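Biologist: I have a new structure to look at. Can you walk me through it?
Modeller: Sure, let's put it up and start with the cysteines.

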Amino acid sequence: MSASPRRSPIRDRSRSPRKQSRSRSPERARSMSPIRDGDNLYVAGLATRTRDQDLQDLFESVGKVRSCNVVKDPRTYECRGFAFVVMDDPRDAEDAVRKLNRKQLDGRTITIEKTKGSSSVVETSAPHSANNTVRAQFRPAAPAAASTTAPASAAP
């Protein structure tokens, strides 16, 4: 009476390697395309009233913007003071840093840095939000500052 359990064909198929994306939305799959190094910019110092469109309009003056994500508080939907802008071309990203860094937007001085490191997808805690996914590279590039201090071990 001890018969071996019979496996469902559906379960067997679910364990096989997937060859296609299971995404139901082709637009989402395209929007989550990999970000090349040098395309992604970290923008800090934003006012709480700054919107995606405001930031996109500013960066469009320099080059083509692939995406613009102002990070918002999940409860109040106000800007948290920073954003990520992905430019279509790395040269446009460099131009944006050079031309727009330390400029005024909504009465605040914004700071723009190129990001580096691996990209990741971050889900906010508001699942009911229409735009609750932010694709970002979180480590801003180290500022190029020359050090003028002598090492502590150097003797005069």
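Modeller: A definition to begin with: a disulfide is a pair of cysteine sulfur atoms within 2.5 Å. Keep in mind that this is a predicted model.

Biologist: Okay, how many disulfides does that rule give?
Modeller: The count comes to zero.

Biologist: Why does C79 have no bond?
Modeller: Because the closest cysteine sulfur, in C68, is 9.9 Å from the sulfur of C79, and that is too far. The cut-off is 2.5 Å.

Biologist: Are C68 and C79 buried or exposed?
Modeller: C68 is buried, at 8% relative accessibility. C79 is buried too, at 7%. Buried means under 20% here.

Biologist: Let's zoom out. How many helices and strands are in the chain?
Modeller: The protein chain has four helices and nine strands. From the N terminus, the order is α-α-β-α-β-β-α-β-β-β-β-β-β.

Biologist: How much of the chain is buried?
Modeller: Buried residues are 28% of the 156 residues.

Biologist: And what about the exposed surface?
Modeller: The chain exposes about 11400 Å². Carbon and sulfur atoms supply 49% of that area.

Biologist: What share of the contacts joins residues at least 24 apart?
Modeller: Take the contacts between residues at least 6 apart in sequence: 61% of them join residues at least 24 apart.

Biologist: Now the inside. Which residues touch the most other members of the largest nonpolar core?
Modeller: They are V43, L46, L55, F59 and V85. That core has 19 residues.

Biologist: Which elements supply it?
Modeller: Five of them give at least two residues each: strand 1 (40-44), helix 3 (52-60), strand 2 (65-72), strand 3 (79-87) and helix 4 (90-100). Strand 3 has the largest share, with four residues.

Biologist: Is there a general idea behind a core like that?
Modeller: Yes. In soluble globular proteins, nonpolar side chains tend to be buried together.

Biologist: Pick L55. What does it touch?
Modeller: Leaving aside neighbours within four places in sequence, L55 is in contact with V43, L46, C68, V70, A83, V85 and L105. Two names there should ring a bell: V43 and V85 are also among the residues that touch the most other core members.

Biologist: Back to strand 3. Is it covered or open?
Modeller: Mostly covered. Seven of its nine residues are buried.

Biologist: Which way does strand 2 pair with strand 3, parallel or antiparallel?
Modeller: Antiparallel, over six bridges. One bridge pairs S67 with V86 in strand 3.

Biologist: What lies between those two strands?
Modeller: Strand 2 and strand 3 form a hairpin, with six residues between them. Y77 sits in the turn and has a positive phi of about 60°.

Biologist: And strand 1, how does it pair with strand 3?
Modeller: Also antiparallel, over five bridges. Y42 has F84 as its bridge partner in strand 3. N40 stands opposite V86. V86 has come up before, as the bridge partner of S67.

Biologist: How many bridges join strand 1 to strand 6?
Modeller: Four, and the two strands run antiparallel. Strand 6 covers residues 111-116. A44 stands opposite T111 there.

Biologist: Why is strand 1 called largely enclosed?
Modeller: Because four of its five residues are buried, the rest of the structure largely encloses it.

Biologist: New topic: the loop between strand 4 and strand 5. Where is G107?
Modeller: G107 lies in that loop, between strand 4 (104-105) and strand 5 (108-109). D106 is found there as well.

Biologist: Are those two buried or exposed?
Modeller: G107 is exposed, with a relative accessible area of 64%. D106 is partly exposed, at 25%.

Biologist: What does D106 touch?
Modeller: A47, R49, T50 and D54, not counting residues up to four places away in sequence. With T50, the side chains make a polar contact of 2.9 Å.

Biologist: How far is D106 from T48?
Modeller: They are 58 residues apart in sequence and 9.1 Å apart in space, C-alpha to C-alpha.

Biologist: And G107 from A47?
Modeller: Those are 60 residues apart in sequence, with 7.5 Å between their C-alpha atoms.

Terms used:
Residues are numbered from 1 along each chain as its sequence is written. This is a predicted model: local features need pLDDT of at least 70, side-chain atom pairs count only at pLDDT 80 or more; totals for chains, interfaces and linings use all residues. Side-chain values use heavy atoms; hydrogens and water are left out. Buried means under 20% relative accessible area, exposed over 50%, partly exposed in between (1.4 Å probe, protein chains only). Contact means heavy atoms within 4.5 Å. A polar contact is a pair of N or O atoms within 3.5 Å; within protein, one must be able to donate a hydrogen and the other to accept it, and residues adjacent in sequence count only if both atoms are side-chain atoms. A nonpolar core is a set of buried Ala, Val, Leu, Ile, Met, Phe, Trp, Tyr and Cys residues joined through side-chain atoms within 4.5 Å. Two strands pair if DSSP finds at least two bridges between them. Accessible areas come from the Shrake-Rupley method with a 1.4 Å probe; for residues, only the protein chains shown count as cover.
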